[in-house]
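Hi,

Here is the model I said I would pass on. Have a look at it first, and my notes on how the chains meet follow below.

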Protein chains: 2
Amino acid sequence: MVDSKPVSVPALRRLPRYLQYLRALQQKGQKAISASQMSIDLDVQHTLVRKDLAMTGMEGVPKVGHKIDDLISGIECFLNWNNVTDAFLVGFGNLGSALVGDGGFKKTGINIVAAFDVDPNKVGRRIQGIEVLPMAKLSDLVRRMNVHIGIITTSHTVAQEVADDMVKSGILAIWNFAPVSLKVPESVIVEEADIYASLAVLSRKLNQRVKRI
Amino acid sequence: MVDSKPVSVPALRRLPRYLQYLRALQQKGQKAISASQMSIDLDVQHTLVRKDLAMTGMEGVPKVGHKIDDLISGIECFLNWNNVTDAFLVGFGNLGSALVGDGGFKKTGINIVAAFDVDPNKVGRRIQGIEVLPMAKLSDLVRRMNVHIGIITTSHTVAQEVADDMVKSGILAIWNFAPVSLKVPESVIVEEADIYASLAVLSRKLNQRVKRI
């Protein structure tokens with residue numbers, strides 16, 4: 001049983017990379033892995049790998065390391081990615097389509113069950129078994145289907161309005177891809193997908209590199 | 001003149017949110033802002049906002065705060081987003097199209113000048129003035145056009161191969177959207193866009209919240 005004390009956000013952010021790596025080893029038929037080998041392959045400090053794995057409740061065996069199957073299920077359980085959670089997506093442009101079409105989601109426990117858009121040309125389309133519905137149906141369906149997660153892939157100009165609708169309807173967590181800071185009540189979780197945040201890191205590093213050449 | 005000492009990655013990651021927020025105020029005609037007001041509006045600790053702004057070389061005036069125009073140009077200059085840097089994108093699926101079509105890029109100094117794909121059905125298409133070219137042309141064009149940034153939006157199965165091609169051709173920085181840890185020489189910068197990293201944070205928080213209900 002995982003306890004409920006707050007955990008480090010950078011540690012949480014590393015877990016999907018561990019999972020991806022461990023699943024690749026599992027597919028190759030490998031059975032066990034040491035934290036030190038993970039540290040080398042993933043370029044994460046050894047002590048951090050050990051702490052991160054300990055956080056998920058996993059303990060290695062000296063000289064043997066960790067069983068890969070156990071690590072995978074341990075991390076999935078820790079993130080609740082072993083349970084399927086239904087999600088609604090609002091904004092069916094290119095990014096929305098990319099997320100709906102992304103097979104990787106199936107491994108994260110997120111099941112996008114419907115997409116919504118204001119554009120009448122998009123409403124009624126079906127992609128990968130998911131139907132695009134008119135925005136007017138959002139509130140009613142959130143309540144009736146008891147959906148907890150809302151994904152926003154609209155432009156930044158309407159994102160706050162969409163978030164307000166989601167909150168009013170009972171959405172508990174919003175995954176926001178629009179480049180704007182959403183205002184929501186404290187009881188609602190917002191995670192910014194923050195595409196531009198990683199670009200800021202890249203731009204700055206490249207700038208320093210080029211200056212030194 | 002910005003010095004070249006290493007800066008905090010979490011601080012860098014906050015700067016695009018500051019920019020977005022400041023540009024919105026600028027559009028409304030507001031002239032000045034205090035760090036404490038930014039702290040409240042963006043839900044970032046006051047001391048962090050002050051440190052982040054100081055990192056970019058900006059100093060406020062007591063009782064007046066910061067001139068918004070100066071803050072915007074200071075942050076843009078710090079990230080080198082005031083200069084246009086050409087980039088190539090490889091993998092023209094939904095996510096690739098979303099990035100090419102994203103008007104927000106124009107404000108980050110990243111100019112996607114060409115997209116590449118292995119799919120002959122995609123090659124030759126033109127979207128927003130950008131032509132999709134065959135993968136075979138990548139190396140030659142990186143060299144001829146002296147492009148420094150490569151964006152990978154392929155599936156994870158081919159991402160490493162694409163990264164190898166980019167590195168061989170002379171790309172200095174890779175912005176990676178494929179969910180896989182790339183191996184590159186130390187001289188090359190890799191930033192993982194890490195879509196699943198933010199989902200891990202969201203999933204865990206939601207799990208804790210639902211347990212408490």
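**How chains A and B fit together**

Keep in mind that this is a predicted model. A turn of 180 degrees, with a shift of 0.0 Å along the axis, lays chain A on chain B with an RMSD of 0.0 Å. That is how a two-fold axis relates two copies.

On to the interface. In chain A, 68 residues are in contact with 68 residues of chain B. The copies meet through the same surface, because 100% of the interface residues of chain A are also interface residues in chain B.

About 5800 Å² is buried between chain A and chain B, and carbon and sulfur atoms give 62% of that area. If you want residues to click on, try Arg13(A), Tyr196(A) and Arg204(A): they supply 13% of the area that chain A buries against chain B, more than any other three residues.

As for polar links, there are 2 salt bridges between chain A and chain B. Lys205(A) and Glu191(B) form a salt bridge through their side chains, at 3.2 Å from N to O. I also get 12 residue pairs in polar contact between the two chains, counting pairs with both residues at pLDDT 80 or more.

Which elements of chain A give two or more residues to the side that touches chain B? They are the helices α1 (9-27), α2 (35-42), α4 (68-79), α5 (94-101) and α8 (195-212), plus the strands β8 (173-176) and β9 (189-192). The largest share comes from α8(A), with 17 residues. By type, the residues on this side of chain A are 37 nonpolar, 16 polar and 15 charged.

Cheers

Note on methods. Residues are numbered from 1 along each chain as its sequence is written. Chains are lettered from A and ligands numbered from 1 in the order in which they are written. This is a predicted model: local features need pLDDT of at least 70, side-chain atom pairs count only at pLDDT 80 or more; totals for chains, interfaces and linings use all residues. Side-chain values use heavy atoms; hydrogens and water are left out. Copies are superposed by least squares on the C-alpha atoms of residues with pLDDT of at least 70 in both. Contact means heavy atoms within 4.5 Å. Buried area is the accessible area (1.4 Å probe) that two parts lose on being put together, summed over both. A salt bridge is a side-chain nitrogen of Lys or Arg within 4 Å of a carboxyl oxygen of Asp or Glu. A polar contact is a pair of N or O atoms within 3.5 Å; within protein, one must be able to donate a hydrogen and the other to accept it, and residues adjacent in sequence count only if both atoms are side-chain atoms. Helices (H or I, at least four residues) and strands (E, at least two) are DSSP runs, numbered from the N terminus. Ala, Val, Leu, Ile, Met, Phe, Trp, Tyr, Cys and Pro count as nonpolar, Asp, Glu, Lys and Arg as charged, and the others, Gly among them, as polar.
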